[in-house]
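User: I'm new to this one and would like a close look at a single part, the place where the two chains meet. Could you walk me through it, and then show me a few details elsewhere to get my bearings?

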Amino acid sequence: MSAQVETLSNPETDIQSDAKLAVQWRDPVVSALMVVLTLLLASMSKGQSNISFRGASTWFEGGIWTIPAAGTGWLMFGVALVCTGIIWYRSLGRRHVSGWLLVVVGVAFVITFLVWVVADRTSASLPVVSLLAGGLMFATPLVFGALSGVVNERSGVINIAIEGQLLLGAFAGVVFASMFNNPWVGLIGAPLAGMALGALLAWFAITFRTENIVVGVVLNMLAVGFTSFLFSTLLKNSPHLNQPMKLPVIRIPFLADIPIIGPVLFRQTILVYLMYAAVIVMQFLLFNSRWGLRLRASGEKPQAADTVGIKVNRIRWHSVLLGGALAGMGGAIFTIGQDLAFSKNMAAGNGFIALAAMILGRWNPTGALAAALLFGFATNLGAVMQSVGAPIPAEYVLMTPYIVTILAVAGFVGAVRPPAAEGVPYP
Amino acid sequence: MSNAATLTPIEPPTRDVPGSEPNAQDENWVHKLLRLFFNPSAATVTFAILLALVIGALIVVFFDPDVQATMGYFFQRPSDFFSEAGRAFTSFFSALVRGAIFDWNQPTFSQAIRPATESIVRAIPLIIGGLAIALSFTAGLFNIGVQGQIILGAIFGGYVGLAFDLPPFIHLLAAVFAAIVGGAIWGFIPGILKARLGANEVIVTIMLNSIALLLMQALLSTETFKGPGGYAGKSMSIGTNAAYPLILGHGFRLHFGFIVAVIASFFLWWLLDRSTFGFELRAAGANPRAAETAGINVRRTMMLTLVLSGALAGLAASAPVLGTEKGLSVGLAGTIGFDAITVALLGKSRPVGVFFAGLLFGALNAGGALMQSSAGIPVDIVQITQAIIVLAIAGSEAVRWMRQRRKQDERTVEKVDAADSTDRSAKTNGAVA
């Protein structure tokens with residue numbers, strides 16, 4: 001009988017020759033693109049680059065390192081090329097590619113870019129610590145906005161009005177702080193204002209069952225118009241209500257002295273620390289608590305949730321109010337977090353970037369944090385480039401968050417699946 | 001997203017609405033006309049507009065500095081408060097009418113009716129932009145990216161206008177064509193991504209808005225656009241041959257763009273009501289699965305819709321670039337893209353509705369400009385009023401819908417009760433027999 005088996009042509013190899021696993025093209029293509037760009041930048045780098053590590057720690061004085069721009073560029077190119085080679089080899093062999101390889105290529109590209117920006121400039125230096133710290137600060141309103149979006153959309157309500165909530169938070173933060181001459185009072189007013197807009201959104205989207213996206217766009221217009229109107233009337237006639245107030249920078253004693261990451265992470269205002277707490281708490285609550293389970297059920301299959309006795313619309317109302325509070329808190333950074341008085345249209349599109357961060361982060365708080373950090377870093381890099389006088393217009397760097405989001409939504413960074421019942425009123 | 005976007009509440013999937021609309025084929029044109037003007041929907045819209053204007057006026061009154069001063073001693077002399085409040089209230093409406101329709105303070109008749117022409121001039125980009133969004137809403141797509149498409153149309157049209165020197169009619173035509181192409185390209189990107197990869201067009205268009213703004217900022221600091229010795233943020237003027245001709249002479253700003261807006265409205269009506277593509281578009285918007293079953297290529301239709309919507313938005317850009325500003329500046333697109341969304345919602349995504357809604361919002365804008373210059377009322381009140389109009393309509397529609405549903409529920413309960421009682425009597429009769 002074994003002889004019979006051996007004379008049969010082996011069906012497995014015949015089938016296998018026709019059916020191969022599809023190549024995952026995302027990693028190879030993206031890394032190849034970054035390697036090509038690294039090559040271009042390395043070949044364009046000349047002279048020396050000044051990298052300033054001032055403020056890196058209180059233990060020692062971080063000075064200015066002068067490194068050869070071209071040499072660093074080519075070194076990074078070499079590293080990126082090796083990693084890209086590994087990625088291509090493993091992808092074409094249909095084997096699992098570690099995500100860290102792409103991260104290494106990305107980091108090499110960013111380093112080359114940064115070195116190229118200040119290449120051959122004797123007077124300009126790249127401030128690493130303030131670049132990272134500023135990036136984190138820029139990212140904080142995005143994180144709060146993205147958390148707001150996550151909570152809302154996970155429960156089933158699409159919130160396009162994050163921009164308006166950020167703006168109202170900025171407005172209320174500075175007005176409350178000026179009224180009581182104490183920036184900490186602004187921390188109470190900002191979430192309340194965000195919640196007010198959230199209440200309007202909830203009323204129209206949940207109770208009136210209006211199209212969520214339409215309501216969000218209109219509420220944005222209302223928020224922009226209302227704050228601009230108040231700026232031109234109330235704040236102009238009573239300037240004592242619009243004084244720049246700053247929340248003190250709080251240094252966490254030991255942690256702030258860790259070189260480079262210490263001052264970046266642990267020498268910030270209370271709002272940044274609240275952001276850390278919010279991300280951790282929200283991540284835990286959404287995925288490890290009963291409340292979170294009910295919320296996610298309301299957004300995925302409200303009919304099933306209703307069957308079990310979950311009050312879907314009440315949960316949606318609560319989540320929209322909570323989201324409004326989070327976004328309002330994030331808006332406070334624009335005024336009392338930065339010692340600025342309110343000015344028209346202060347949110348400047350950050351609400352939409354926060355939406356993008358939410359999507360790129362796959363509707364998870366930690367994913368949203370990572371995406372927002374990326375976007376905040378890109379925004380701050382654009383600002384630094386403008387101050388340093390970079391070779392290319394800073395606007396092209398400022399476009400990166402938006403382009404990356406489009407690529408994410410188009411599926412180039414993996415499938416993007418929103419909550420199933422988002423935007424659909426219940427019942 | 002399988003229903004056309006409007007302000008009416010989203011219907012639950014299992015409900016149907018039996019016999020609530022009169023049979024359309026039994027009406028003659030008189031009935032249709034009467035229904036158009038006196039239906040509950042028109043009353044809702046009129047009520048919403050009046051309510052929004054009153055609320056806007058009350059906001060202005062409340063924050064007027066003179067009124068606030070009298071509030072301090074309200075209980076000693078309430079008459080002061082009421083007289084100041086009344087003054088502020090009437091000055092709101094009088095400035096609105098004087099800025100939007102007829103200015104009785106002007107010496108000559110032609111200057112007195114200039115406000116009406118101002119309203120029309122400001123309405124032109126709103127009408128065409130509103131048509132662009134109405135088109136996408138009818139197909140069930142949310143083209144929030146009209147702002148970015150307008151910017152791209154402005155860039156393309158402005159470039160052709162200022163970089164070339166062509167004979168009179170041709171230059172204008174080329175610039176308008178370039179504007180349409182620019183907008184169409186910016187509509188093509190979300191279109192192809194949605195058709196091929198299923199990307200959510202709301203997010204893609206919102207991102208493209210920001211990219212377009214940054215692109216315009218970057219371009220306006222280059223030599224090509226600002227010219228030698230120019231300032232960053234403002235381009236050179238376009239050639240005189242590329243500008244829209246004025247159609248009421250030099251006393252007024254009304255330009256040929258108004259005719260373009262009228263033609264565009266007719267075009268959209270023809271497209272949606274009379275063409276095959278319009279039928280496919282409406283079918284895809286109403287029920288994509290049914291349309292797919294009927295043989296309509298829904299994804300291709302959606303892509304073409306976004307391209308066409310972008311093209312119309314590019315055409316809308318031609319109004320400020322070639323008509324009023326005759327050049328490019330960073331703030332050129334302003335808030336036209338978002339105002340156009342409210343125009344389309346107010347006009348219920350029908351070309352006729354969008355046309356008149358655009359005129360209304362153009363009038364509000366013109367009135368707002370005079371309110372700012374003569375009464376010191378910040379022009380942002382116009383945006384607040386527009387938003388309140390849309391919210392008021394949404395609220396009224398919702399209240400009407402909920403009342404209708406309650407009536408249906410009561411009728412169903414009556415029917416069930418009636419059926420129950422006949423059942424019961426039948427059973428007892430059967431038992432006795």
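Analyst: Here is a walk through the interface, followed by a few spots inside the chains. Keep in mind that this is a predicted model.

Let's start with how much of each chain takes part. On one side, 52 residues of chain B are in contact, and they meet 43 residues of chain A. Put the two together and about 4,200 Å² is buried between chain B and chain A, with carbon and sulfur atoms giving 82% of that area.

What about charges across the boundary? The count there is one salt bridge between chain B and chain A. Its partners are K344(A) and D380(B), and the closest N and O atoms sit 3.3 Å apart. As for polar contacts, two residue pairs turn up across the interface of chain B and chain A, both at pLDDT 80 or more.

Now for the pieces of chain B that do the touching. The elements giving two or more residues to its side are α2 (40-63), α3 (65-71), α8 (168-197), α9 (201-219), α15 (336-346) and α17 (380-432) of chain B. Of these, α17(B) gives the most, with 14 residues. Sort that side of chain B by class and you get 40 nonpolar, nine polar and three charged residues.

With the interface covered, here are some details within the chains. Chain A has an open sheet of three strands, in the order β2-β1-β3, with mixed pairing. The edges are taken by β2 (64-68) and β3 (126-127) of chain A; each has a single partner strand, so one side of each is left without a neighbour in the sheet. Strand β1 (residues 48-52) of chain A runs antiparallel to β2(A), and five bridges join the two. If you want one spot to click on, try S49(A), whose bridge partner in β2(A) is I67(A).

Aromatic rings are worth a look too, with 22 aromatic pairs over all chains. Take F109(A) and F113(A): their ring centres are 6.5 Å apart and their planes lie at 40 degrees, so this pair is tilted. Both residues belong to helix α5 (residues 99-117) of chain A, where they are four residues apart, about one turn of the helix.

Last, back to salt bridges, which number 13 over all chains. One of them links R87(B) with E84(B), the closest N and O atoms being 2.9 Å apart. These two sit in helix α4 (residues 78-100) of chain B, three residues apart, which means about one helical turn separates them.

Terms used:
Residues are numbered from 1 along each chain as its sequence is written. Chains are lettered from A and ligands numbered from 1 in the order in which they are written. This is a predicted model: local features need pLDDT of at least 70, side-chain atom pairs count only at pLDDT 80 or more; totals for chains, interfaces and linings use all residues. Side-chain values use heavy atoms; hydrogens and water are left out. Contact means heavy atoms within 4.5 Å. Buried area is the accessible area (1.4 Å probe) that two parts lose on being put together, summed over both. A salt bridge is a side-chain nitrogen of Lys or Arg within 4 Å of a carboxyl oxygen of Asp or Glu. A polar contact is a pair of N or O atoms within 3.5 Å; within protein, one must be able to donate a hydrogen and the other to accept it, and residues adjacent in sequence count only if both atoms are side-chain atoms. Ala, Val, Leu, Ile, Met, Phe, Trp, Tyr, Cys and Pro count as nonpolar, Asp, Glu, Lys and Arg as charged, and the others, Gly among them, as polar. Two strands pair if DSSP finds at least two bridges between them. Rings of Phe, Tyr and Trp (its six-membered ring) pair if their centres lie within 6.5 Å; planes under 30 degrees apart count as stacked, over 60 as edge-to-face and the rest as tilted.
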